[in-house]
Amino acid sequence: LCNSVKANNMADFENKTWKVEDIFQDIPGDPDNVNMIIPDEIAEYLEFKEGDTIRIQVTETGLILEKVS
């Protein structure tokens with residue numbers, strides 16, 4: 001993806017971009033679904049850990065990621 005950067009606030013992500021192929025990856029043998037890869041610096045900023053449950057909301061302006069557990 002991109003170089004890891006320690007983000008102090010969401011403004012640090014305002015001008016960040018990622019390629020679709022870096023975020024969404026095909027699942028072998030499952031043509032109807034893809035894996036969503038959350039960039040490390042976003043996961044760290046949002047304090048996402050492996051095994052956490054997150055809610056993803058699709059809005060007109062983007063995605064909202066929220067830690068549920």
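Guide: Helices here are DSSP runs of at least four residues and strands are runs of at least two, numbered from the N terminus. With that in hand, the elements of this protein chain run α-β-β-α-β-β from the N terminus on. Please keep in mind that this is a predicted model.

Visitor: How many helices and strands does that make in the protein chain?

Guide: The secondary structure comes to 2 helices and 4 strands.

Visitor: What makes the contact between Asp52 and Lys67 a salt bridge?

Guide: A side-chain nitrogen of Lys or Arg must lie within 4 Å of a carboxyl oxygen of Asp or Glu. The side chains of Asp52 and Lys67 meet at 3.3 Å, N to O, so the pair passes the test. This pair links distant parts of the chain, 15 residues apart: Asp52 sits in the loop between helix 2 and strand 3, and Lys67 in strand 4.

Visitor: Why do Asp52 and Lys67 count as partly exposed?

Guide: That label covers values between the buried limit of 20% relative accessible area and the exposed limit of 50%. Asp52 has 24% and Lys67 has 36%, so each earns the label.

Visitor: How do you know that Arg55 and Glu66 form a salt bridge?

Guide: We use the 4 Å cut-off again. Their side chains come to 2.9 Å, N to O, which makes a salt bridge. Arg55 belongs to strand 3 and Glu66 to strand 4, so the pair ties together parts 11 residues apart in sequence. Arg55, at 40%, is partly exposed, and Glu66, at 34%, is partly exposed too. A search of the whole structure finds 2 salt bridges.

Visitor: Why can such side chains pair at all?

Guide: Side chains of opposite charge can pair when their charged atoms come close.

Visitor: Why is Phe48 called buried?

Guide: Buried means under 20% relative accessible area, and Phe48 has 12%, so Phe48 counts as buried. Phe48 is in the loop between helix 2 and strand 3. Its C-alpha is 10.0 Å from that of Leu65, although the two are 17 residues apart in sequence. Across the 69 residues of the chain, 12% count as buried.

Visitor: And what makes Glu47 count as exposed?

Guide: The limit for exposed is over 50%, and Glu47 reaches 53%, so the word fits. Glu47 lies in the loop between helix 2 (40-45) and strand 3 (54-58). Its phi is near 60°, a positive value in a residue other than glycine.

Visitor: What makes Leu63 fit to join a nonpolar patch on the surface?

Guide: A patch residue needs over 30% relative accessible area and no salt bridge. Leu63, which lies in strand 4, has 45% and counts as partly exposed, so it clears the area limit. Val20, Phe24, Val34, Ile56, Val58 and Leu63 form the patch, with about 550 Å² of accessible area together.

Visitor: Which residues are closest to the centre of the largest pocket?

Guide: The largest pocket has a volume of about 410 Å³. Of its 17 lining residues, Trp18, Met36, Ile42, Leu63 and Leu65 are the closest to the centre. Helix 1 (20-23) and strand 4 (63-67) are the elements that give two or more residues to the lining. Strand 4 gives the most, with 3 residues.

Visitor: What classes of residue make up the lining of the largest pocket?

Guide: The lining has 15 nonpolar, 1 polar and 1 charged residues.

Key:
Residues numbered from 1 in each chain as written. Predicted model: local features only at pLDDT ≥ 70, side-chain atom pairs only at ≥ 80, totals over all residues. Heavy atoms only, no water. 1 Å grid on protein atoms, 1.4 Å probe; cavity = no way out; pocket = protein on both sides within 12 Å on 5 of 7 lines; lining within 4 Å. Points joined across faces, edges and corners; volume = space filled by probe spheres on them. Nonpolar A, V, L, I, M, F, W, Y, C, P; charged D, E, K, R; others polar. Patch = residues over 30% accessible without salt bridge, like charges linked within 9 Å, V, L, I, M, F, W, Y side chains within 5 Å. Areas by Shrake-Rupley, 256 points an atom, 1.4 Å probe, with all protein chains shown as cover. Buried < 20%, exposed > 50% of the residue type's maximum accessible area, 1.4 Å probe, protein only.
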